[in-house]
Amino acid sequence: MAETRFLVVRNDEEQYSIWSADRELPAGWHETGFAGTREECLAHIETVWTDMRPRSVREAAS
């Protein structure tokens, strides 16, 4: 049985998630170029998403 492939996706607020590679992305979400197993994708997100605040909140705090 083949393991499900996932994509790392990001929305306009620069929040990350994973999405099944065989499904159409929901509106407002974009591929980041990283794909892998669920665990690989979650590990990637942990390394790149260092500030959990939405972009609008980060910009307002600047």
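This is a short tour of a predicted model, with selections to make in order.

**Whole chain**

Start with the cartoon view. The protein chain has two helices and three strands. From the N terminus on, the order is β-β-β-α-α. Along its principal axes, the C-alpha trace spans about 50 × 25 × 15 Å. Of the 62 residues, 23% count as buried. Look also at how the chain meets itself: among contacts with a separation of 6 or more, 44% join residues 24 or more positions apart.

**The sheet**

Colour the strands next. They form an open sheet of three strands in the order β2-β1-β3, with antiparallel pairing. β2 and β3 (29-36) are the edge strands, and each pairs on one side only. Neighbouring strands are turned by 35° against each other on average, direction ignored.

**The hairpin**

Select residues 6-11, which are strand β1, and residues 16-20, which are β2. The two strands run antiparallel and are joined by five bridges. Pick out two of the facing pairs. R10 stands opposite Y16. V9 has S17 as its bridge partner. Now move to the turn. Four residues lie between β1 and β2 in this hairpin. One residue to click on is E14, which sits in the turn with a positive phi of about 60°.

**The two faces of β2**

Show side chains on β2. Which of them point to the buried face? Y16, I18 and S20 do. S17 and W19 point to the other face and are not buried.

**The core**

Select F6, V8, Y16, I18, C41, I45 and W49. These seven residues make up the largest nonpolar core. At least two core residues come from each of β1, β2 and α1.

Centre on C41. What does C41 touch beyond its neighbours up to four places away in sequence? The list is F6, L7, V8, I18, F34, A35 and G36. Of these, F6, V8 and I18 are core members along with C41.

**The aromatic pair**

Stay in the core and keep Y16 and W49 on screen. The structure holds one aromatic pair. Y16 and W49 form that pair, which is tilted, with 5.7 Å centre to centre and 50° between the planes. The pair links distant parts of the chain: Y16 is in strand β2, while W49 is in the loop between α1 and α2 (55-61), 33 residues away. Both Y16 and W49 are buried.

**T37, between strand and helix**

Select T37 next. T37 lies in the loop between β3 and α1 (38-48). Why does T37 count as buried? Its relative accessible area is 13%, and buried means under 20%. Leaving aside neighbours within four places in sequence, T37 is in contact with E3, T4, R5 and F6. F6 also belongs to the largest nonpolar core.

**R58, the last stop**

Finish in helix α2, where R58 lies. Show the R58 side chain and the backbone of R53. The side chain of R58 reaches the backbone oxygen of R53 at 2.7 Å. Which residues does R58 touch, not counting those up to four places away in sequence? They are E13, E14, D51 and R53. E14 is the hairpin-turn residue with the positive phi, so the tour ends back at a residue already visited.

How values were computed. Residues are numbered from 1 along each chain as its sequence is written. This is a predicted model: local features need pLDDT of at least 70, side-chain atom pairs count only at pLDDT 80 or more; totals for chains, interfaces and linings use all residues. Side-chain values use heavy atoms; hydrogens and water are left out. Buried means under 20% relative accessible area, exposed over 50%, partly exposed in between (1.4 Å probe, protein chains only). Two strands pair if DSSP finds at least two bridges between them. Axes are lines fitted to C-alpha atoms, for helices over the stretch in contact, and angles run from 0 to 180 degrees between N-to-C directions. Contact means heavy atoms within 4.5 Å. Rings of Phe, Tyr and Trp (its six-membered ring) pair if their centres lie within 6.5 Å; planes under 30 degrees apart count as stacked, over 60 as edge-to-face and the rest as tilted. A nonpolar core is a set of buried Ala, Val, Leu, Ile, Met, Phe, Trp, Tyr and Cys residues joined through side-chain atoms within 4.5 Å. A polar contact is a pair of N or O atoms within 3.5 Å; within protein, one must be able to donate a hydrogen and the other to accept it, and residues adjacent in sequence count only if both atoms are side-chain atoms.
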